[in-house]
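Good morning, and thank you for the time at this meeting. Please keep the sequence and the structure in view while I speak.

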Amino acid sequence: MSSTFRRPSPLPGFAPTMAYTLVYLLLIVLLPLSSLFLQLGNLTWESFREAVFDARVLASYRLTFGLSAAAALFDLVFGFLVAWTLVRYRFPGRDLLDATIDIPFTLPTAVSGIALTAIWASNGWIGSWLDGFGIRVAYTSWGIFLALAFIGLPFVVRTLQPAIEELDAEQEAAAAGLGAGRFAIFARVLLPALVPAAVTGFALAFARGLGEYGSVVFISGNMPFRTEIVSLLIVTKLEQYDTNGAAAIAVVMLGASFLILLAINLLQQRVRRLLGSEG
Amino acid sequence: MSGTRRQLGLRLGPALAIGLTVGGMIVLIALPVAAIFVQALRDGIGGYSRALADPAALHAIWLTCLAAGIAVPLNLVFGLVASWAIAKFVFPGRELLISLIDLPFAVSPVISGLIWVLVFGARGWFGPWLDDWDVKVIFAVPGIVLATLFVTFPFVARELIPLMLEQGAEEEIAARSLGAGGWQIFRRITLPNIRWALLYGVLLCNARAMGEFGAVSVVSGHVRGRTNTMPLHIEILYNDYDVTAAFAIASLLALLGLVTLAVKRWTSRRTASELSLAGATTS
């Protein structure tokens, strides 16, 4: 039966490895995830709406989505600069700089959280200096913004870097030969070619920000209506034994991140088709 | 005149870009990393080793190693098995299966813990049944292991599948036609071809398993000396204003992350040079 299902191959082991893969996937990922949706069966439409559109929950959506977008935008601008510098210029310490990009990926989130707080709190290295100007970062929304910018930066740099590497130097030279200024070359020739990678990097950083927990909770202050992110609200609901409420909010957030990832996939398919039809 | 201005602009541009990049990276990333070690050693080596020798800290380190020691081998076996099935055979639904394996990456840490509470919690699917048998999963070690399994599920598979798809199955099929058995093919041909990606996948999986905070925090119950992993112990110490001890534990995890990163750069260079070598010899 399996030979009609898959293309014939002389290699052994398809049936047992495929069976193991599916069973393990089902047990560790699919069944536990489905509990989230089954839990919604306990809720009436009214109670679901109440849980999902409560004023405190709405405030935390605004905060989380707004700051994730702002941080991803910052990452897009600064990440572009970093990626551009790394690809186009050779300078001492470039390799080290390139390695530094991945640190937010490999540092555990709780460690990043207390480290960022130590720097930006009003007694920290930078925080104490900012305090002199009356600027507070830790325990305000600025702190959340900073943590999300920290955690999202590698996503933007690592998607932009290969795209910048692949830019056609000949097109640039041709545009310059036709008398285009540096700004015109940048805006008309380089930027359009980088849009897909930029959008993907932005969306990845944004999606990561929506679910971020460990790096944010230490620096955020966690005040309801002011600095309470959605992930923290889910934890609070669980601690108050409001399992249904926690599950309802979780489904909304999961839906949002699935939509973003789906959009990235569709975008990349379109780009691939466009590039394919050109070549 | 315009020529010299242009030259000046050309020299200023790179200098400005490099300066802004390096400055921004120092403020955003390098300073926080430096702060971990400075704060950990604030009370000298004595304070540092005292913080690590504390029984609750030692227990947290042990529990973290236990959870990673179970989750990483299980996900390693899964990664090898799944990448063999997916990369060496062509079947309908292959793309869908790859997306499903990546699914845990799209689920936020807190939700990754929440789903296990819904399944095994006091009021979850199996809650009453577990209660009858007096087995605790949530707020106990099994919950921590399950949450860790979920968040680190894709790491090994994700490193192997793209590489093995790129390598194809020709070498294995040739070995088969020469009479090699399946296990022999895997050990003598497939494994050497993927060893660097495998090493990196396992290290990444391990770093995440030991460092996971959100998912484990939801299922652990935070019982000091019982259900606290290293990241959870950091949180408790930090909230108790025992900053030096919190950063001492954090420094261990930070070192683990930095070593993982160094090995990643080394292995990806090896893989790249081996791929280009293979390309050079076949073409």
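Along its sequence, chain B of this predicted model follows the pattern α-α-α-α-α-α-α-α-α-α-α-α-α. Its secondary structure comes to 13 helices and 0 strands. How spread out is chain B, set against a compact globule? For 283 residues the globule rule gives 19 Å, while the radius of gyration of chain B is 24 Å, well over that value, so chain B is more spread out than a compact globule. Taken along the principal axes, the box filled by its C-alpha atoms is roughly 70 × 60 × 35 Å.

Let me stay with chain B for its overall totals. Of its 283 residues, 52% are buried. The area that chain B exposes is about 13,000 Å², and 66% of that area is supplied by carbon and sulfur atoms. Among the contacts in chain B with a separation of 6 or more, 73% are between residues 24 or more positions apart.

I turn now to two individual residues of chain B. The first topic is B:Ala17, which is placed in helix α1, residues 2-40 of chain B. Is B:Ala17 buried or exposed? Its relative accessibility is 9%, and buried means under 20%, so B:Ala17 counts as buried. What does B:Ala17 contact, leaving aside its neighbours within four places in sequence? The residues in contact with B:Ala17 are A:Leu81, A:Thr85 and A:Tyr89. As for B:Gly113, which is 96 residues from B:Ala17 along the chain, the C-alpha atoms of the two are separated by 42 Å.

The other residue is B:Thr190, found in helix α10, residues 182-211 of chain B. With 1% relative accessibility, B:Thr190 counts as buried. Not counting residues up to four places away in sequence, B:Thr190 touches B:Trp84, B:Lys88, B:Met164, B:Glu172 and B:Ile185. One of these, B:Trp84, also belongs to a cluster linked by ring pairs, together with A:Phe14, B:Phe89, B:Phe91, B:Trp183 and B:Phe186.

That brings us to the aromatic rings. Over all chains, the structure holds 28 aromatic pairs. One of them joins A:Trp45 and A:Phe48: the ring centres are 5.7 Å apart and the planes stand at 25°, so this pair is stacked. Both residues lie in helix α3 of chain A, residues 45-52, and they are 3 residues apart, about one turn of the helix. The two are covered to unlike degrees: A:Trp45 counts as exposed at 58% relative accessibility, whereas A:Phe48 is buried with a relative accessible area of 16%.

What is the arrangement of the rings of B:Trp125 and B:Phe126? Their centres are 6.3 Å apart and their planes are at 80°, so the pair is edge-to-face. B:Trp125 is partly exposed, at 38% relative accessible area, and B:Phe126 is partly exposed too, at 36%. Both residues help to make a nonpolar surface patch of about 690 Å², along with A:Leu38, B:Trp129, B:Trp133 and B:Val135. A:Leu38 is found in helix α2 of chain A, residues 14-39.

My last topic is charge. Side chains of opposite charge can pair when their charged atoms come close. Over all chains, the structure holds 13 salt bridges.

Consider A:Arg49, which forms a salt bridge with A:Glu46, with the closest N and O atoms 4.0 Å apart. These two residues are 3 residues apart in helix α3 of chain A, and are therefore separated by about one helical turn. Both count as partly exposed, A:Arg49 at 38% relative accessibility and A:Glu46 at 46%.

Another bridge pairs A:Arg56 with A:Glu228, and here the closest N and O atoms are 2.7 Å apart. Why does this pair tie together parts that are 172 residues apart in sequence? A:Arg56 lies in helix α4, residues 55-88 of chain A, and A:Glu228 in the loop between α12 (214-220) and α13 (230-239) of chain A, so the pair ties those parts together. A:Arg56 is partly exposed, with a relative accessible area of 24%, whereas A:Glu228 is buried at 4%.

Finally, salt bridges also link residues into a network, whose members are A:Asp98, A:Asp102, A:Arg158, B:Lys264 and B:Arg265. Thank you for your attention.

How values were computed:
Residues numbered from 1 in each chain as written. Chains lettered and ligands numbered in written order. Heavy atoms only, no water. Helix = DSSP H or I, 4+ residues; strand = E, 2+ residues; numbered from the N terminus. Buried < 20%, exposed > 50% of the residue type's maximum accessible area, 1.4 Å probe, protein only. Contact = heavy atoms within 4.5 Å. Patch = residues over 30% accessible without salt bridge, like charges linked within 9 Å, V, L, I, M, F, W, Y side chains within 5 Å. Areas by Shrake-Rupley, 256 points an atom, 1.4 Å probe, with all protein chains shown as cover. Salt bridge = Lys/Arg side-chain N within 4 Å of Asp/Glu carboxyl O. Rg over C-alpha atoms; globule rule 2.2 N^0.38 Å. Phe/Tyr/Trp six-rings, centres within 6.5 Å; stacked < 30°, edge-to-face > 60°.
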